[in-house]
Amino acid sequence: MSDLQIALILLGILLILIVLLFNWWQDRRVRKQMQEHFPEREQDPLMSAAPAAGRREPGLGAARAPDEDLPADDPAEADPATEAVIEIAFAQAVASESLHQAVHALTRVGSKPVRIFAEREGGGHRARLRAQESYTSMQLAVLLANRSGPLTDIEWSQLWTEAQGLAERFDGAIEGPEQEPVLQQAQELDAICADLDAQVGLALRLSEPHTISKVSGILKEIGFMSHQGQQAWMSDTGLPRFTVLFDGQHAHEIQTESVSRIDLLLDLPRSPADEQAFSRMACVGRDLARRLDGELLDDQGRPVPDGADQAIDGQLLGMYARLSEAGFEAGDARTVRVFS
């Protein structure tokens, strides 16, 4: 091997050593800079023991203690089968005080009641506005039909106008169904309910007028109770089975001091299902007839025979069953809304 070859080999080895030495120096310099910015910890955070508060599972959103959980949703919601809903989404959350001031008078349009629901900022469904809360959206739910008939185009337009006013006031966007399908659904619901609606009455014709105070005292004595401005015979569930009319008027409506006719009214959709619905009312009516010296008549003006009670009970029980099959449980809040 010549001297030139040996010199070239040595030169190559020297260059390799220089490169390795330079790389080592660069790596040491970078490590030193990183340590200055991110000093080593005595304990690896990935291997450290769980905190004293206990293990926390991963989840979305900021963690909060159990006592900081959001309030539970209100159970009541709009009923798509019996109500039409207009929704208003707010650009910014609206305080409950401001929203209450704007909607407190909006309880009905024409003859149809309106229910108001709201979605709470941060989560939570509300069937009534609560103090010290804010809401991101609200719903206006109007009843499609009741005993006044189906929802009309005027009533729907009135609700839409109210919704537009709220949207303008709180910088919101409106979303709701078209008028035509809403009115069609209202007509269909009205037809169904008209076929299921039934009221049974008994009249107690007095031989002479009696003072309201005397009659009211006897009603209370035999078990009638005051319920929403009426005198009612109550069920064990706290709902009226049948109510009393004085000369065709409820107790809170009558303005005379005496009465010559007392009516017992069984409103099937609004009273809880009962296998002895008519028998119970007829028994009370006969007791009143003895106490007030009157004659008990059916809704055709004929004396009520003693042997007819069970047969009429069977007919009414069949009507209760038809209500239930149509999705209306007798006496519950949803049924009472529609049959009112």
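Begin by selecting Ile6, Ile9, Leu10, Ile13 and Leu17, which together form a nonpolar patch on the surface with about 460 Å² of accessible area. One of these residues, Ile9, lies in helix H1, which covers residues 3-37. Ile9 is partly exposed, with a relative accessible area of 44%. Please keep in mind throughout the tour that this is a predicted model.

**The whole protein**

Now zoom out and display the entire protein as a cartoon. Eight helices and 14 strands are present. Of the 340 residues, 35% are buried. If a surface is shown, its accessible area comes to about 21100 Å², and 53% of that belongs to carbon and sulfur atoms. Among contacts between residues at least 6 apart in sequence, 71% join residues at least 24 apart. The next stops present some pairs that are distant in sequence.

**Salt bridges between distant parts**

A search of the whole structure finds 19 salt bridges. Select Arg334 and Asp79, whose closest N and O atoms are 2.4 Å apart in a salt bridge. Arg334 belongs to helix H8 (residues 333-338) and Asp79 to the loop between H1 and strand E1 (83-95), so the pair ties together parts that are 255 residues apart in sequence. Is Asp79 buried or exposed? Asp79 is buried, with a relative accessible area of 13%, because buried means under 20%. Its partner Arg334, at 24% relative accessibility, counts as partly exposed.

Next, select Glu155 and Lys112. Their side chains meet in a salt bridge, with a distance of 3.4 Å from N to O. This pair links distant parts of the chain: Glu155 is in helix H3 (residues 153-169), Lys112 is in strand E3 (residues 112-120), and they are 43 residues apart. Glu155 is buried, at a relative accessible area of 8%. Lys112 is also buried, at 1%.

Move on to Arg322 and Asp195, which form a salt bridge in which the closest N and O atoms are 2.7 Å apart. Arg322 lies in helix H7 and Asp195 in helix H4 (residues 179-196), so the salt bridge ties together parts that are 127 residues apart in sequence. At 35% relative accessibility, Arg322 counts as partly exposed.

To finish this stop, select Arg147, Asp197, Asp267 and Arg270. These four residues are linked in a network of salt bridges.

**Two packed helices**

Select helix H6 (residues 277-292) and helix H7 (residues 309-325). They pack at an angle of about 135°, and their axes are 7 Å apart. The two helices are therefore oblique to each other. Which residues make the contact? On the H6 side they are Ala277, Phe278, Ser279, Ala282 and Arg286, and on the H7 side they are Asp309, Gln310, Ile312, Asp313, Leu316 and Tyr320.

Stay on helix H6 and select Gly285, which is found there. Gly285 is buried, with a relative accessible area of 2%. Leaving aside neighbours within four places in sequence, Gly285 is in contact with Leu204, Leu264 and Leu296. Add Leu297 to the selection: Gly285 and Leu297 are twelve residues apart in sequence, and their C-alpha atoms are 9.3 Å apart in space.

**A proline in a loop**

Select Pro303, located in the loop between strand E14 (294-297) and H7. Pro303 is exposed, with a relative accessible area of 52%. When residues up to four places away in sequence are not counted, Pro303 touches Glu295, Leu296 and Leu297. For a distance in space, select Leu204 as well: Pro303 and Leu204 are 99 residues apart in sequence and 9.8 Å apart from C-alpha to C-alpha.

**Two residues with positive phi**

The last stop concerns the backbone. Select Gln132, in the loop between strand E4 (125-126) and strand E5 (134-143). Gln132 is not a glycine, although its phi is positive at about 60°. Gln132 is exposed, with a relative accessible area of 77%.

Finally, select Asp171, in the loop between H3 and strand E8 (172-175). Asp171 has a positive phi of about 55° and is not a glycine. At 55% relative accessibility, Asp171 counts as exposed.

Conventions. Residues numbered from 1 in each chain as written. Predicted model: local features only at pLDDT ≥ 70, side-chain atom pairs only at ≥ 80, totals over all residues. Heavy atoms only, no water. Patch = residues over 30% accessible without salt bridge, like charges linked within 9 Å, V, L, I, M, F, W, Y side chains within 5 Å. Areas by Shrake-Rupley, 256 points an atom, 1.4 Å probe, with all protein chains shown as cover. Helix = DSSP H or I, 4+ residues; strand = E, 2+ residues; numbered from the N terminus. Buried < 20%, exposed > 50% of the residue type's maximum accessible area, 1.4 Å probe, protein only. Axes fitted to C-alpha atoms, helices over the stretch in contact; angles between N-to-C directions. Parallel < 35°, antiparallel > 145°, perpendicular 65-115°, else oblique. Contact = heavy atoms within 4.5 Å.
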